[in-house]
Amino acid sequence: MDWVYARAPADAASSNDQRTTWAHYPTCINGRRQSPIDIATTAAVAGGVEPMAPHLRPLDRLLLVNTGRSFQVHEQGSAVRVLPAGATPATAPVENGSASKGYTVLNGRRYDFYQVHWHTPSEHLVDGRHAALEAHFVHRDASESGLAVITVLYDEAAACDPLLSAFWDDFPPSDGARRYAESAASVDFGAMLSELLLRGGGAYQWEGSLTTPPCTEGVEWRLIKARRHVCAAQLERLRAALGAASGVRANNRMVQPLNGRLLRASALSPPAA
């Protein structure tokens, strides 16, 4: 059986169903540094978070991917890798040519931006509470073995997110298979990340894993404290697509134990470019 967030039909993820269907991925079950986590803000150690410097360039030609498990944004002409079970970014097949989409510097190390995708509800909790939506800006280093994820949370509000509005309705419909679409929208995710950091509050930092099988560990995580907003219609667009593909209207992994990992918090703003 392939892994699932829950057995269909369902409106929410199931811890029991995830344990059962993810069991043939040993790291998902036995790993000690798994993601997502519940961020207890009072337990976070202040300081020690290195400046995070996003240098993502604006994307002018979007490649939108409905994987059946998430909405992903790449750039047309970028390297779109499908990750089979057990594959890593270095071994996965490349479906088209590559192009740089910018990078982020974490702890003095450059990570190239690869793709962004969304989960509803949020995978990470803050003080025991989900956000309505969570974006994962996935990065990899030059070796393609080092991974980093910058996370942005969205709270539900009456107003729709203007950046999502530029392309959200262009995602192809779901039929259980991976589907692609093109969008002429131009978006600047780098400016958005920098604005959130400059708004104040900084970020949380910890070491974790991928949140889908094979649950590879050693991933650098940053969760920006400042949030964006998302409207009910945008949430329903993703939930409906997930439901059409799998019968499950959610795509969040259940939270994992911290197991003694150090969680740091910082109010650092990004350094000057």
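In this predicted model, the side chains of R7 and D17 form a salt bridge, with N and O 3.3 Å apart. R7 belongs to the segment before α1 (15-21), whereas D17 sits in helix α1, so the pair ties together parts that are 10 residues apart in sequence. The two partners differ in burial class. R7 is partly exposed, at a relative accessible area of 37%. D17 has 15% relative accessibility and counts as buried, because buried means under 20%.

The count of salt bridges comes to 13. Side chains of opposite charge can pair when their charged atoms come close. R110 and D112 form another of these bridges, with an N to O distance of 2.9 Å. R110 is partly exposed, with a relative accessible area of 43%. D112 is also partly exposed, at 28% relative accessibility. D155 pairs with R227, and the closest N and O atoms are 2.8 Å apart. D155 is in strand β10 (residues 147-156), and R227 is in the loop between β13 (217-224) and β14 (228-230), so this bridge ties together parts that are 72 residues apart in sequence. D155 is partly exposed, with a relative accessible area of 34%. R227 falls into the partly exposed class too, at 26% relative accessibility. In addition, D11, E236 and R249 are joined into one network by salt bridges that share partners.

The chain as a whole contains five helices and 15 strands. It has 273 residues, of which 51% count as buried. Contacts between residues distant in sequence are counted as well. Among contacts with a separation of 6 or more, 69% link residues 24 or more positions apart. The exposed area of the chain is about 11400 Å². Carbon and sulfur atoms supply 52% of that area.

Helix α4 spans residues 189-199, and its buried residues are F189, G190, M192, L193, L196 and L197. These residues lie on the same side of α4, because they cover an arc of only 165° around the axis. Both ends of the helix have local features. At the start of α4, a side-chain oxygen of D188 comes to within 3.3 Å of the backbone nitrogen of G190. After α4 comes G200, with a positive phi near 115°.

The largest nonpolar core comprises 40 residues. Those with the most contacts inside this core are V73, W118, F137, F167 and F189. Two or more residues each come from β4 (62-66), β5 (71-75), β7 (109-119), β9 (133-140), β10, α3 (162-165), α4 and α5 (232-246). Helix α4 gives the largest share of the core, five residues. F189 is thus named twice, as a buried residue of α4 and among the residues with the most contacts inside the core.

The surroundings of V73 were examined individually. With neighbours within four places in sequence left aside, V73 contacts L59, L62, L63, L64, Q115, V116, W118, F167, F171 and F189. Among these partners, W118, F167 and F189 are also listed with V73 as having the most contacts inside the core. Another core, of 16 residues, lies apart from the largest one. Its members include A131, L147, L210 and L223.

Conventions:
Residues are numbered from 1 along each chain as its sequence is written. This is a predicted model: local features need pLDDT of at least 70, side-chain atom pairs count only at pLDDT 80 or more; totals for chains, interfaces and linings use all residues. Side-chain values use heavy atoms; hydrogens and water are left out. A salt bridge is a side-chain nitrogen of Lys or Arg within 4 Å of a carboxyl oxygen of Asp or Glu. Helices (H or I, at least four residues) and strands (E, at least two) are DSSP runs, numbered from the N terminus. Buried means under 20% relative accessible area, exposed over 50%, partly exposed in between (1.4 Å probe, protein chains only). The arc is that of the directions from the helix axis to the C-beta atoms. A polar contact is a pair of N or O atoms within 3.5 Å; within protein, one must be able to donate a hydrogen and the other to accept it, and residues adjacent in sequence count only if both atoms are side-chain atoms. A nonpolar core is a set of buried Ala, Val, Leu, Ile, Met, Phe, Trp, Tyr and Cys residues joined through side-chain atoms within 4.5 Å. Contact means heavy atoms within 4.5 Å. Accessible areas come from the Shrake-Rupley method with a 1.4 Å probe; for residues, only the protein chains shown count as cover.
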